[in-house]
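Student: Please take one part of this model and go through it closely. I would like to look at chain B and the side of it that touches chain A.

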Amino acid sequence: MHLSRRQLLQNSSLGFGSLALASLLSDPSAQASGPGQSNPPPHFPARAKRVLFLFMKGGPSHMDTFDYKPQLQKDDGKPLPFEKPRVQFAPTSDLLGSPWKFQRHGESGIAVSELFPNVAQCVDDLCILNSLHGSNPAHGGACMKIHTGSDVFVRPSMGAWVSYGLGTENQNLPAFLTICPTLAHGGTKNWGASFLPANHAGVPLGNASQSSEQARVRYMQSALLGRRQQRGLLDHLQQMNTSFLDTTGPNAELEARIESFELAFRMQTEMPEALELGQETQQTQRAYGLDQKPTADFGRQCLMARRFLERGVRFVQVTHSNSEVQWDQHGNLKKGHEQNAAEVDKPIAGLLRDLKSRGLLDETLVLWGGEFGRTPTCQGAGRNGRDHNPEGFTMWMAGAGVKTGIQYGATDEYGYYAVENKMHVHDLHATLLHLMGIDHTRLTYPYAGRDFRLTDVAGTVASEILA
Amino acid sequence: MACFVQIAAAFLVSISIATSAVVAGDDLAKPTGTNSTGTSASDAQQIRFFENKIRPLLAEHCYECHGADAQESELRVDRLDSMLQGGLAGPALVPGKPSSSLLVTAVGYRDNTLQMPPDYRLSQQQINDLQTWVSQGAHHPASDSISSVRSSSEVDYQQGREHWSFRPVQTPQPPTVNFSQAAGPQSSDSPLSAALVANPIDAFVAQRLESKGLQRSPPAEKRVLLRRVTFDLTGLPPTASEIDDFLQDSSEAAFETVVDRLLASSAYGERWGRHWLDVARYADSNGLDENVAHGNAWRYRDYVIDAFNQDKPYDQFIVEQLAGDLLDSGDDFQLRHQRLIATGFLVLGPKVLAEKDETKMEMDIIDEQIDTVGRSILGLTLGCARCHTHKFDPVSHSDYYGLAGIFKSTQTMDSYATVAKWHENYVETPAESVAFEQHSAALKAKQQQIDQLVAEATEKLSSEFRDLKLDQRESHFDDSTKQTLDHQRSELKALQDSVPERPSAMGVQEGQVTDVPIHLRGSHLTLGELVPRSFPKVLVSAQPPSIANDESGRLQFARWLTDGKHPLTARVMVNRIWHGHFGRGLVSTVDNFGIQGTPPTHPLLLDWLASRFVSDGWSVKAMHRLILMSHTYQQNSQFNAEAHQRDPNNQLYWRFNLQRLDAEAIRDGILAVSGRLDRTSGGKTLELENRSYVFNHTSEDKSTYASTRRSIYVPIIRNHLFDMFRLFDYNDASVLTGNRPTSTIATQALFLMNSPFVVQQSEQLAKRLLERHSNSRERLVDLFQTVYGRLPTPQEAQLAQQFVEDVPTNNASSDASDANPRVNDSVDDHLLRAWQMLCQAHITSSEFLYIR
């Protein structure tokens, strides 16, 4: 009695999707979603089709990585010659020069510290944003700011906005996946949909306290039933659902419910296949550092991300965080940053090269960075620590739509404040959406009496970095 | 809170000044937008100052973006009227009031986010000049020619009061309609009595239906109706015996009996209390940045459940939540505790507890309170007026800060230092209080005893030892003293380790009474005029309630909301109740009755219900009874092509709407049919100490959801909700939601297909069926009755039977795509597996997940 889907369709007095779609069109608040739903068009031609966010949890130090400050080296140990911010996370003392050497790389001759020897080789593919600034000096506020644009209220995350704005390219996978996200400092808020329809929420694979080897979407597999058994169960269920639909009369939501089971069944196949890293060549696996212990965990995340991007997932985030706050070196800067950088440097370089060689970099926007940077002034007695610094920090982009081999904006001579071509987190979001073909002022959702945006009431597209 | 206004690299944006709050007291002040009083010699001098200093400055630094050619943020500063009127956000200039003039704020570079010109700061001299010009009255050659400019932040309250929801509630007469026609064909299965036709709700509904040439549907079948009302009132399915009772009761009062039974059950409060918890953004952890445990929030949850079960009058319910600490409870300590616990409503919001800017944190918390109170009780988005006058509703910037003063004068927090601490009130019984005091006294006495012993022993020491530190000195005490001291100290330690727990509850108390100045752009760094504590003017009729100098005004605010004449309080609540029953409110935007909200589909009915609510003593249960006894509620949900065409969204109630069960009802319903639901009520269920971290810097998941108690008792961990809840559109628990969305997404299907919860519960159900009955027929009857509340048709029974027989065994599986056949079933196991799968199909089917 195993009905095929075709038989099911024929048995139903209504074709799937027809009514659902008609109803969705007439009622924009309808939440039903299924393959019948077409993607909204972009506002203007998109430069990037997909986003990959490499999130470095804890706040990597920009003065020690991609924002070279010769004056800081000279004035090591001297007091900061201007005022510190009105609000600081913790007290800091005098200037602390970078313990790492910088070297110019590539045709662009951009200086990168020795912490990132492999990424430095790719510097001509990077668009380094040296003038980021946010508004919150604590991890929780800053994480929510960078992910949702708000450090005060619960708002949809940027991946959810992108999913809401552009829909999905692969009907069998979610539009927004986040691999090993941290559950602290905003937790699910950082990939949540908030008031946007629920299907735009990011779908997490594992979390930061787990190895990426265990990163799976929950409930993706039956622990009990084989595929044929499950299909049998589903066929019986769908038959009951169809006859219930016949009883009630046409109903878009019930049709969507029937289709949601079919989509789930297809996802069960598609998702594990995407996670089959064994399908990659040894060479590829090595390029991501899967063969070395320090790089294997993050490398696996990066490789999973590439496979998802390849399959049309709109927004993928990978998070570099152990169960602690990985990049948060209030003390122990030297050892901590060295270890952190060593874990991500090779995988990121491998990822960039791989994306490029497959032509994926042309349609993928890669974003790298943490929730804030660190202070050029020293924290702790050991002269080996830096505090949180949202006043000026560095992120970088690579890939579709951005000028490469450039540095945009600047911090002051020590790296404390963004001073030139300042780029607030809202500006970053506006620019990211712009690259995706979305006007950030027009991507709105009505909630609690007004229209909301990712960029709140702010945001300016950094048009100088557009290719 | 943010707003619509768009900031680009623009001048003077998104700030507004409520000019209505301008008070006299500044000699130089001139009312905004009125012309100067004539030209004098000093005026001429002032105008020369403008021409020499100010106009050139504006022309050079501002006109490019805010002049004749470009008006970013719709502001131009080359004309006086434009400056007074202001841009998108509000007036740039308030003559005589530099601190309220955005022009001065912006050039002053005091606010991080409002700095003009954007790329550089004017010279200090230029800034001073501008400030002087504004302080001296902003004399301008056009001053005389401008008669009156209305600034963009002024609110026309008179016109504002014309909005439907701000008008007083009417008591309309129910229309007279031809009921026999409007009632539609009566089914022989009808549980309705003829007398019920007279329910005025039906008259209001029938009138609208008739006007469209529609009529309502016939009554629902008894089984359908029972399942509907049981889930509606209790969140649980009807049991077999409840079904039998109802089917066998052929009296006219049969349905009324059911309604009364359900309203009297404790499950009712567990269902409808949960609806209120959505509105109260209830959670057992803070969420946001520092996710620490609300270890005592459960007391508020239980208070709400009890309030619904006891049918606490809604006016009292509101007053207690806003100002329970200020009510005189006499000697009744239990009553006093309940009222203190009720004020947890104001404290439950998510807070950025590691915000380093403590003043900002305080204002953010106040904002969250205003937003919550506004939307939950008033159906107004008051939070929108934090940064500027409300863009749509007649709520001014100063209205907001009038309310902010009330909450600032209320103590919500004990400490703002990282990690900040919210306030809790002790709710100990007199016996507990005595026990604590006695214990403290014993501790103190013991300490004194020890001190005295030491002092006496020290006396006895020779002088060379007396000045030694205590631990060195002690070695010179005699042995018996040492022994006694040891003994005493161990007693002290025991006392210290056994300090009785003092029960406490999140709540507020009166704080230092103060008024709050307008915060330009919502920022505490740029303050404007001080606003006396007050209520939103558009809602205040002739005589505003007075607030004494030594009171926050919270109690007056609560009384004003519940005086029975307030246009919003009753309307908003009856609409929430209606929404709970029909899945949609008469006003579909249940949390927004403002201009941007949706107007009511049945305004007269809404008013009639609101007025009835108040005259019935704000009884929520009476309102349920009234609604449930209507034909409108009891009609069936059958599709009707013609009616659908005329009213596709069923705005007029020509049928009952099919509704998906919410997350709790799905979970509780599954547990109920599997027989595993634990009906224990109340108490603490969060296994974490108060204020301890749910998640700190680590991502280790300390939340567990193994409980089989009703969903309302499952801890609500913000930022990490129970994923089954999250998947099925549970409210966010951080933001107030009176209207959860209903999504239909594939991840729900994955949960229903693969989650251990669903598999385990369907297995439990299968085991029960196998144990109870020896043949498939009986098992199937039981299954359909338990899960759907009805009997199977012969065809359904046959298909189900066939399914059970046809289930392939895993070990027989030759399916190559089965990479890892799971279990090698024995024959018995196989039978159980087959029934488990059938049960799973049933509890995940649409007929189970929806009520019709």
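Tutor: Among contacts in chain B between residues at least 6 apart in sequence, 73% join residues at least 24 apart; two residues are in contact if their C-beta atoms, placed from the backbone, lie within 7 Å. This is a predicted model, in which local features need pLDDT of at least 70 and side-chain atom pairs count only at pLDDT 80 or more, while totals for chains, interfaces and linings use all residues. Residues are numbered from 1 along each chain as its sequence is written, and chains are lettered from A in the order in which they are written.

Chain B has 852 residues, 51% of them buried, that is, with 20 or more other C-beta atoms within 10 Å of their own. It holds 35 helices and twelve strands, taken as DSSP runs (H or I, at least four residues; E, at least two) numbered from the N terminus.

The contact draws 85 residues from chain B and 77 residues from chain A. On the chain B side, the helices that each supply at least two residues include H16 (358–378), H33 (794–806) and H34 (827–843). H30(B) gives the most, with eight residues. By type, that side of chain B has 33 nonpolar, 32 polar and 20 charged residues; Asp, Glu, Lys and Arg count as charged, Ala, Val, Leu, Ile, Met, Phe, Trp, Tyr, Cys and Pro as nonpolar, and the others, Gly among them, as polar.

As for confidence, the model scores ipTM 0.80 and pTM 0.79. The mean pLDDT (the predictor's confidence in each residue, from 0 to 100) of chain B is 86. Over residues 1–38 of chain B, pLDDT stays under 50.

Terms used:
Buried ≥ 20, exposed ≤ 12 C-beta atoms within 10 Å, placed from the backbone.
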